[in-house]
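Visitor: I would like to learn how to read a structure like this one. Where do we begin?

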Amino acid sequence: MLLRLIVKTSELFPAFRRWAWKRWYQHIAGYTVDSWSFMNYGYEPLASATERLELQEVDEDDRFCIQLYHEVASAVDLAGMNVLEVGSGRGGGASYVARYLAPAAMTGVDFSAKAVAFCRSRHNVPRLNFVVGDAESLPFEDETMDVVVNVESSHCYGSMPAFLQQVHRVLTADGHFLFTDFRAAEEIALLEDQLQSAGFIIAEQDNITANVVEAMTLDNERKQELIRNHISGWLSKTFQQFAGVEDSEVLQSFRDRVFVYKRYVLRKS
Ligand SMILES: C[S@@+](CC[C@H](N)C(=O)[O-])C[C@H]1O[C@@H](n2cnc3c(N)ncnc32)[C@H](O)[C@@H]1O
C-alpha cells in the first residue's frame with residue numbers, strides 16, 4: 001500500500017520523485033560495505049537448457065545481480081567499444097562489464113556523489129572510471145558513446161523523455177541503448193511510446209518479470225543477511241522493502257504483475 005502510494009505521488013510530482021530518490025541514494029551510499037556492490041533485483045534464466053554463466057569465485061555472491069547485467073549487456077558485442085552506464089550505483093555492474101566483456105572504456109555515471117566516491121575506492125579495474133552526473137543532463141559530448149547501458153534506474157528520473165534525448169545525443173550514429181527497468185503494468189505502453197518518440201528503434205524486447213521474481217526468491221536469504229548485518233533499527237524495514245525480500249510489497253507486486261520488468265535492445269538508427 002505504502003509503495004503504491006509513493007509510486008502514485010511520484011507520478012503526479014516528477015520533481016518530488018527525483019528529489020526523493022536522490023536523498024535516498026545519497027543516504028545509502030553512506031554505507032561503505034565493500035561486499036554490497038549492486039542494487040538491482042537480479043535475473044535468473046528459466047529455461048533449463050540455458051548454460052550457467054561462468055563467474056569467478058569472487059563474483060558468486062552477486063550472481064543474480066550480475067546475471068541481470070549479463071542479460072542486458074551481452075545483447076551486443078562490447079569488445080573494443082566505448083560504453084557508458086547511466087545510474088551505475090555502487091558500481092558492481094560497470095565493474096562486471098569492464099572485467100568480463102572487454103570494452104575499450106567503461107564509464108559509470110550517477111547523480112549520487114557519495115556513490116561515485118564509493119565506486120572509485122571499491123572498484124580498481126583497468127579502463128573503468130566513475131563520474132558524477134545527471135541522467136537528464138549527461139556530462140558527455142555528442143556522439144561519443146558506442147553503447148549506453150541503463151539498469152533499474154530510469155524509474156527514479158524526473159523526466160524520461162529528457163533522459164532518452166540525452167542517450168540519443170551521446171550515442172554514435174550506429175550506437176545501441178541496452179535498457180532494463182520496471183514500471184506499473186499500465187505504464188508499459190507509455191514507456192514504449194517514449195522510447196520510439198525519442199527516435200529509437202526497438203530491435204529486441206522481453207518481459208523478464210518471471211526471471212526477476214525467480215532471482216528475488218533465490219537471492220532472498222543473502223539480502224536478508226546483508227540487512228541483518230549492516231542496518232539497524234527502524235530503517236531495516238525500509239531496506240527490506242527496497243531490497244524486495246520475501247513478504248515485501250515489491251516482490252508481491254512483481255508476483256501479481258502489478259509491476260512489470262522489461263528488457264530492451266534499442267538502436268539509434
Ligand atoms: C536501483 S539503483 C541501480 C544501480 C545499478 N544500476 C545496479 O543495478 O546495481 C538506481 C541508481 O540510479 C541512480 N539514479 C537515480 N536517478 C538518477 C539520475 N537522475 N541521474 C543519475 N543517476 C540516477 C541512483 O543514484 C542509483 O544509484
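Guide: Begin with one contact: a polar atom in the backbone of V151 lies 3.0 Å from a nitrogen atom of the ligand. Keep in mind that the model is predicted.

Visitor: How much of the ligand's 600 Å² does the protein bury?

Guide: The protein buries 99% of the 600 Å² that the ligand exposes when taken alone. The space that the ligand takes up is the largest cavity.

Visitor: Which side chain has an N or O atom 2.8 Å from a nitrogen atom of the ligand?

Guide: That side chain belongs to Y69. There is also a backbone contact at G89, where an N or O atom is 3.5 Å from an oxygen atom of the ligand.

Visitor: How many residues surround the ligand?

Guide: The ligand is surrounded by 19 residues, and M39, Y69, G87, D110 and S153 are the closest. Sorted by class, this shell holds nine nonpolar, five polar and five charged residues.

Visitor: Now to charged pairs. How many salt bridges are there?

Guide: The count comes to 13 salt bridges. One of them joins D142 and R169 through their side chains, with 2.8 Å from N to O. In another, E60 pairs with R63, and their closest N and O atoms are 2.9 Å apart.

Visitor: Is R63 buried or exposed?

Guide: R63 is buried, because its relative accessible area is 4% and the cut-off for buried is under 20%.

Visitor: And what is the relative accessible area of E60?

Guide: For E60 the value is 26%, so E60 is partly exposed. This salt bridge therefore pairs a partly exposed E60 with a buried R63.

Technical notes: Residues numbered from 1 in each chain as written. Predicted model: local features only at pLDDT ≥ 70, side-chain atom pairs only at ≥ 80, totals over all residues. Heavy atoms only, no water. Near = heavy atom within 4 Å. Polar contact = N/O pair within 3.5 Å; in protein donor to acceptor, adjacent residues only side chain to side chain. Areas by Shrake-Rupley, 256 points an atom, 1.4 Å probe, with all protein chains shown as cover. 1 Å grid on protein atoms, 1.4 Å probe; cavity = no way out; pocket = protein on both sides within 12 Å on 5 of 7 lines; lining within 4 Å. Sits in = over half its atoms within 2 Å of the grid points. Nonpolar A, V, L, I, M, F, W, Y, C, P; charged D, E, K, R; others polar. Salt bridge = Lys/Arg side-chain N within 4 Å of Asp/Glu carboxyl O. Buried < 20%, exposed > 50% of the residue type's maximum accessible area, 1.4 Å probe, protein only.
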